[in-house]
Amino acid sequence: MKRISNVFWITIALVAACVAYGVIAPKSFESVTADMQSFITSTFGWYYLILVTVIVIFCVFLIFSPIGTIRLGKPDEKPEYTKGTWFAMLFSAGMGIGLVFWGAAEPLSHYLTPPLAEGGTNQAIKESMRYTFFHWGIHAWAIYAIVALALAYYKFRKDEPGLISATLKPIFGDKVNGPLGTIIDVLAVFATVVGVATTLGFGAAQINGGLSYLLGVPNNFTVQFIIIAVVTVLFMISAWSGLSKGIKYLSNTNMVLAIGLFVLMFFIGPTLLILNMFTDTIGAYIQNIAAMSFRIAPLNEEHRGWINGWTIFYWAWWISWSPFVGIFIARVSRGRTIREFLIGVLLLPALVSFIWFATFGTSAIEIQQAGTDLSSLNTEEVLFAVFSGFEWSTILSVIAITLIGTFFITSADSATFVLGMQTTYGSLTPPNYVKLTWGLAQSTVALILLYSGGLQALQNALIVAALPFSVIMALMMVSLYKSLNQEKKELGLYIKPKPRKPKEPKEHM
């Protein structure tokens with residue numbers, strides 16, 4: 001018990017209070033979180049857009065700066081994992097369930113209710129894909145990258161504890177070792193619990209949706225309770241086995257299943273149209289990225305509502321997940337240079353996301369245009385309805401449900417490690433009983449959110465939890481730049497100017 005910090009007890013108390021409120025008064029809990037979500041999105045939407053865009057610009061600056069040669073570790077240290085395993089681990093932890101859940105549903109939703117165009121038109125198809133790429137692209141991974149980079153730099157190069165509070169030491173000094181540091185870490189851990197619980201709720205809902213669509217299993221809270229209970233046991237077994245065994249093997253399994261599902265859908269679906277949409281949307285994404293980054297529609301209430309429900313929700317989702325994903329990515333990225341790290345974290349997962357959404361989103365829209373009304377289905381059932389429109393639908397559905405389950409286990413497994421690390425003074429080997437406690441806490445919060453209001457309650461809680469941590473992220477950028485700039489001066493890392501050619505003397509008349 002000596003290794004447990006005050007952060008553990010304070011955050012557990014907060015989580016227990018939220019759970020008790022949700023159990024005793026679920027309708028009131030849903031109403032309160034909805035009111036808070038509405039206030040935050042309408043009042044701080046501009047702030048989210050600016051903050052996330054600044055994070056992207058900062059990451060790009062570091063890639064091209066001489067700072068990019070600095071290694072996340074000792075100067076001669078080599079990466080712990082191969083590039084293939086490293087990518088599989090960060091991708092599985094970062095977006096797995098979300099990609100499967102929204103792969104077909106989000107482009108279809110944007111096609112039917114686009115941000116600007118008339119629904120159901122060719123222009124709506126283009127907008128649907130462009131905004132889906134925007135929500136799941138570089139902006140999302142920049143949020144993860146900045147938290148991961150700060151943690152990896154201070155932990156592996158400066159030998160600081162692997163805590164969020166330790167990354168702010170250049171700003172606050174030794175105050176981070178006292179009550180201020182505890183508050184910072186409590187905010188990070190609480191945001192992580194809510195963020196991961198939200199995603200687990202999405203996963204349970206979609207597994208239930210798949211079983212309901214395929215086998216007629218009731219789509220209700222009882223079935224979702226059973227699903228979460230079974231998966232909780234599985235991911236706690238994985239967490240007990242340790243990072244190098246459980247998470248590593250599950251991450252590689254996820255990639256195999258995801259590749260298999262993607263390849264089947266790519267060739268069974270409208271292959272040529274998928275390739276054309278992918279190519280066209282990449283160009284539109286690059287061309288419009290600045291406008292989308294700052295679009296808030298201040299004079300159009302309908303458009304502003306769309307932005308609140310999608311863009312602001314996603315930025316809050318990524319921010320709430322960033323302590324968990326950031327810490328996990330940092331843990332598996334030791335020995336890489338800042339430039340290699342940022343290129344890998346920003347570009348590769350974003351590119352895979354683009355290919356994924358082009359495949360599943362285009363297929364969903366194709367099915368909708370062919371006469372099958374997917375809009376009448378629950379969000380968690382859309383993917384399976386899309387499969388039913390093609391050959392091998394049963395095989396696709398079985399792979400998808402299995403993939404959701406393994407992503408579910410990997411995300412929760414990774415989160416128990418991160419939460420354990422953050423509540424045991426940054427230990428890279430947190431005790432198993434601490435990880436198991438957090439595993440139960442995550443699953444309990446997911447159940448309460450589903451019980452009190454389904455998917456909408458999940459989204460509300462997520463946006464509320466993200467706001468305070470977003471302030472910490474802004475401070476992390478300032479702190480990181482301050483330290484990196486100082487090290488740049490110490491190492492003499494400057495861009496050497498090209499030598500000028502001597503001017504030829506002018507001939508005198």
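How much space lies in the largest cavity? Hello everyone, let me start there. The answer is about 60 Å³. Before going on, please keep in mind that this is a predicted model.

The structure holds two cavities of 30 Å³ or more, and I will stay with the largest one for a moment. Which residues line the largest cavity? From the 100s we have Leu151, Lys155, Phe156 and Gly162. Ile327, Ala330 and Arg331 join them, along with Met421 and Leu428. By character, the lining divides into six nonpolar residues, one polar and two charged. Two helices are worth pointing out here: H6, residues 138-157, and H12 each supply at least two residues of that lining.

Let me stay with H12, since it also takes part in the aromatic contacts. The structure holds 36 aromatic pairs. One of them joins Trp136 and Trp318: the ring centres are 5.0 Å apart and the planes meet at 70°, so the pair is edge-to-face, the cut-off for that being over 60 degrees. Where do the two partners sit? Trp136 belongs to helix H5, residues 122-136, while Trp318 belongs to helix H12, residues 301-331, so this pair ties together parts that lie 182 residues apart in sequence. Are these tryptophans buried or exposed? Trp136 has 0% relative accessibility, so it counts as buried. Trp318, at 2%, counts as buried too.

Trp318 has another partner, Trp317. Their ring centres are 5.2 Å apart with the planes at 15°, so this pair is stacked. Trp317 also counts as buried, because its relative accessibility is 2%.

While we are on tryptophans, have a look at Trp86. Arg336 lies over the face of that ring, 4.2 Å from the ring centre.

Now for some helix geometry. Take helix H8, residues 179-215. With 37 residues at 1.5 Å a residue, H8 should span 54 Å, and its end C-alpha atoms are 53 Å apart, which agrees. How many of the residues of H8 are buried? The count is 27 of the 37, so H8 is largely enclosed by the rest of the structure. Just after H8 comes Gly216, which takes a positive phi of about 80°.

Helix H13, residues 338-369, can be put through the same kind of check. For its 32 residues at 1.5 Å a residue, the span should be 46 Å; the end C-alpha atoms are 45 Å apart, which agrees. H13 is followed by Gly371, and there phi is again positive, near 120°.

Those two were glycines, so let me turn to residues other than glycine with positive phi. Asp159 has phi near 60°. You will find Asp159 in the loop between H6 and helix H7, residues 169-172. With a relative accessible area of 55%, Asp159 is exposed, because the cut-off for that is over 50%. Ala297 also has a positive phi, near 50°. Ala297 lies in the loop between helix H11, residues 271-294, and H12. Is Ala297 buried or exposed? Its relative accessible area is 15%, so Ala297 is buried.

Let me finish with a few distances you can check on the model. Pro270 is in the loop between helix H10, residues 243-268, and H11, and at 16% relative accessibility it counts as buried. The C-alpha atoms of Pro270 and Val233 are separated by 39 Å, with their positions 37 residues apart along the chain.

Ile404 is in helix H15, residues 393-422. It is buried, with a relative accessible area of 0%. From Ile404 to Arg331, which is 73 residues away along the chain, the C-alpha separation is 24 Å. You met Arg331 earlier, in the lining of the largest cavity.

Finally, Ala385 sits in helix H14, residues 382-387, and counts as buried at 2% relative accessibility. Ala385 and Ile55 are 330 residues apart along the chain, and their C-alpha atoms are separated by 37 Å.

That is my tour. Thank you for listening!

Technical notes:
Residues are numbered from 1 along each chain as its sequence is written. This is a predicted model: local features need pLDDT of at least 70, side-chain atom pairs count only at pLDDT 80 or more; totals for chains, interfaces and linings use all residues. Side-chain values use heavy atoms; hydrogens and water are left out. Helices (H or I, at least four residues) and strands (E, at least two) are DSSP runs, numbered from the N terminus. The expected span of a helix is 1.5 Å times one less than its number of residues. Rings of Phe, Tyr and Trp (its six-membered ring) pair if their centres lie within 6.5 Å; planes under 30 degrees apart count as stacked, over 60 as edge-to-face and the rest as tilted. Buried means under 20% relative accessible area, exposed over 50%, partly exposed in between (1.4 Å probe, protein chains only). A charge sits over a ring if NZ of Lys or CZ of Arg is within 6 Å of the ring centre and within 35 degrees of the ring normal. On a 1 Å grid over the protein atoms alone, a cavity is a set of points where a 1.4 Å probe fits but cannot get out, and a pocket is an open set with protein on both sides within 12 Å along at least five of seven lines; lining residues have an atom within 4 Å of a point. Grid points are joined across faces, edges and corners, and a volume is the space filled by probe spheres set on the points. Ala, Val, Leu, Ile, Met, Phe, Trp, Tyr, Cys and Pro count as nonpolar, Asp, Glu, Lys and Arg as charged, and the others, Gly among them, as polar.
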